[in-house]
Structures are given as C-alpha cells and as structure tokens.
Amino acid sequence: MKKLEPLAWVGPAVVLIAAVVIWPVIEMVRSSFLQISRFGVVRETNFPDNYTKVFNAKDFGDIMLRSVIWVVAVVALTVLISLLLAQLFNQRFPGRKLARWALIAPWAASVLMTAIVFKWMLDPEVGVINLIRRDLGVFLNNAFGVEPSSLGLLGAMGGTSADQLGQASTAMPWLIFVAVFVSVPFTTYALLAGLATIPADIYEAARMDGATKLRTYWSITLPLLRPALTVAALINVMNVFNSFPIIWAMTKGQPGYDTATSTIFMYILKGSDIGASAAMSVVNFGMVIVLTIIFLRVSRWNKEVA
C-alpha cells in the first residue's frame, strides 16, 4: 500500500492535466478528421480533406511566415528591452520602488482592453496618436513649408491622415509594439528574480580582477542569468505564438489576411468550417512544438554554465 501512497498526492494533478490538456488535444486531433457543420453537427469522416483545404488556402504560406516573424520580432524585442530594464531596476536610485510598481500596469491590465485602447488611439479620425501626428504635420507645414509626407518618420507612417491599422505596412509594427508593451513587465520581473540570485561576491571578485562593467555583464551576469532568461523567453514564445486578443481587437487580421497569424486564421476558419479550423489547430500545435524545440536547441538550456 505504501507504494500507492504517492498517488494520493500526484493523482489529482494527473487527472487535472488529463482533463484540461490531454483530452482537449485528443478531441482537437479527432475533430480535424471530421466534416463538421458550423452548428457542430458531425456529418462524416473526411481525412485528409480538412488538411488539404488548409494547406491549399491562398494565403497559407504568407500567414505561417508572418506567424514566425511575429513571434521572433516580439520575443526578441521583449527580451532585449527587459534585459535593459531589469539591469536598471536592479540598481538603487530614487523612486525605484515606484518605477517597479508602474511597470506592472501593462501586465496587470487586460490584454484585450489594452489592445482596444491602442485601437482607439490609432483611429484615423479621432485617435489621439493620429491627432498628434496631424498637429505636428500642420506645425511643420506652417513653420517650415515642409510636407509631412516627405519627412522620415511621418512619411514612413503614411503622412498625417493615414489609417495606421488599415494597411499592413503600418499595422504590423503597431501590433508588434503592443505585444511587446504587454510582454515586457513579466519578462523584466522574471529577469529581476534571476539577477537577485547572483551572489554579490562574484561581482566583487570581478572588480578586484579589474574586469570592466561590460566584461562583467557579458562573462558573469548573462551566463548566470541564462536559466531565468530561458524560462522567460520560452513562455513568451508560446504566449506570443498563440496570442489572439491583440491582433483580433486591433485589425481582425485585415486587410485581407495581411495582419493575420495562424491563430487568427484558425479562428476565422471556425466560422465556416470547424473541421478545417481543427486541422489548423493541429498545425498550430505542431508549430509551437517545433519553435520550442528550435529555441531550446539554440539556447542550449541543458548545458552547464562554464
């Protein structure tokens, strides 16, 4: 009986994992083999037609490529900014506690709410960001006689009256910005926790050896921070790939599918073909696993720090 005692502790966790993870995955794969009406009525088995429909979709290749670019851009920028903020907030300076609390705000707020706020701010008629751009354009034109569209940043953003979310060339950078904005707080705090575990005497020894701050950061801080950095980046990879509220609230993947990722494409398919949507879900699941494996191999997470 003693051999069965651990089941009393791990059994509920195993049942919970089976109920909320394993069973939905099995149902997802099973549904991808079926023809299901939009009302949920199973008509027949039609493997591999659902997968054929997904792979033969006109924009499938562009959507998958955009999904990879979306993940790489958001995670890379998030990690880079978080490394800088974590190093800053790990120092002592007046108002540090207030700054740390302020950093929590984008994380504590609803992602959907944040996306909607930015959508309103980018409204081409009454959005505060566009109003500022418009006023800046008027000022430049009146003061210097320069057309705003000929200037670097304003020109790249389509001038003063452009719909920033109505065209892919400007919508995607804004979507990435919002995704980074809501991802930075968690990542920064994860890295702060990692920095707190590094013994101070290691830095003291480095100073006594004459190591510069840059050399100390590169040879001591980053290697010892790698476990926290790996965990934070890996969680971001999975969260960003499966991110739905930001893109859906701000652009719904439009115009066309020009701002859609694979998750958005899957949701759009659900409205007309649940089986094809399930097949896309399986593809997404496989993509997450592939991206995770690639990330773990590149990060060499299981290698000892030299």
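**View 1. Residues 101-122, end to end, in a predicted model.** Start with the stretch from 101 to 122: its end C-alpha atoms sit 27 Å apart. By content, this span is 86% helix and 0% strand. Now swing over to residues 68-89, where the end C-alpha atoms are 31 Å apart and the span comes out as 100% helix and 0% strand. Both stretches carry the "transmembrane region" label in an unreviewed UniProt entry. That annotation also covers 7-26, 174-203, 224-248 and 274-296.

**View 2. Helix α3 against helix α13.** Here α3 (residues 60-89) packs on α13 (residues 274-299) at an angle of about 35 degrees, and their axes are 12 Å apart. The crossing of α3 past α13 is right-handed. Who makes the contact? From α3 come Phe60, Met64 and Val68, while α13 brings Met280, Val283 and Met287. Sort the contact by class and you get 6 nonpolar residues, with no polar and no charged ones.

**View 3. The largest pocket and its lining.** This one has a volume of about 500 Å³. Its lining counts 18 residues, and the ones nearest the centre are Gln87, Asn90, Gln91, Tyr203 and Arg207. Which helices each supply at least two residues of the lining? They are α4 (96-108), α8 (168-196), α9 (200-208) and α10 (213-241). The top contributor is α10, with 4 residues. As for chemistry, the lining of the largest pocket is a mix of 7 nonpolar, 6 polar and 5 charged residues.

**View 4. A cis peptide bond at Phe47 and Pro48.** Zoom in on the bond joining Phe47 to Pro48: it's cis, with omega at about 5 degrees. Worth a look, since most peptide bonds are trans. Where does Pro48 lie? Its spot is the loop that runs between β2 (42-45) and α2 (49-55).

**View 5. The loop between α11 and α12, with Pro255 and Lys252.** Another cis peptide bond turns up between Gln254 and Pro255, this time with omega at about 0 degrees. Pro255 belongs to the loop between α11 (245-250) and α12 (262-270). Lys252 is in the loop between α11 and α12 too. What is the phi of Lys252? The value is near 55 degrees, which is positive even though the residue isn't glycine. For context, most residues other than glycine have a negative phi.

Definitions and conventions: Residues are numbered from 1 along each chain as its sequence is written. This is a predicted model: local features need pLDDT of at least 70, side-chain atom pairs count only at pLDDT 80 or more; totals for chains, interfaces and linings use all residues. Side-chain values use heavy atoms; hydrogens and water are left out. Axes are lines fitted to C-alpha atoms, for helices over the stretch in contact, and angles run from 0 to 180 degrees between N-to-C directions. A crossing is left-handed if the near helix is turned anticlockwise from the far one by less than a right angle, and right-handed if clockwise. Contact means heavy atoms within 4.5 Å. Ala, Val, Leu, Ile, Met, Phe, Trp, Tyr, Cys and Pro count as nonpolar, Asp, Glu, Lys and Arg as charged, and the others, Gly among them, as polar. On a 1 Å grid over the protein atoms alone, a cavity is a set of points where a 1.4 Å probe fits but cannot get out, and a pocket is an open set with protein on both sides within 12 Å along at least five of seven lines; lining residues have an atom within 4 Å of a point. Grid points are joined across faces, edges and corners, and a volume is the space filled by probe spheres set on the points. UniProt positions are given in the numbering used here, feature names are shortened, and annotations may be inferred rather than shown by experiment.
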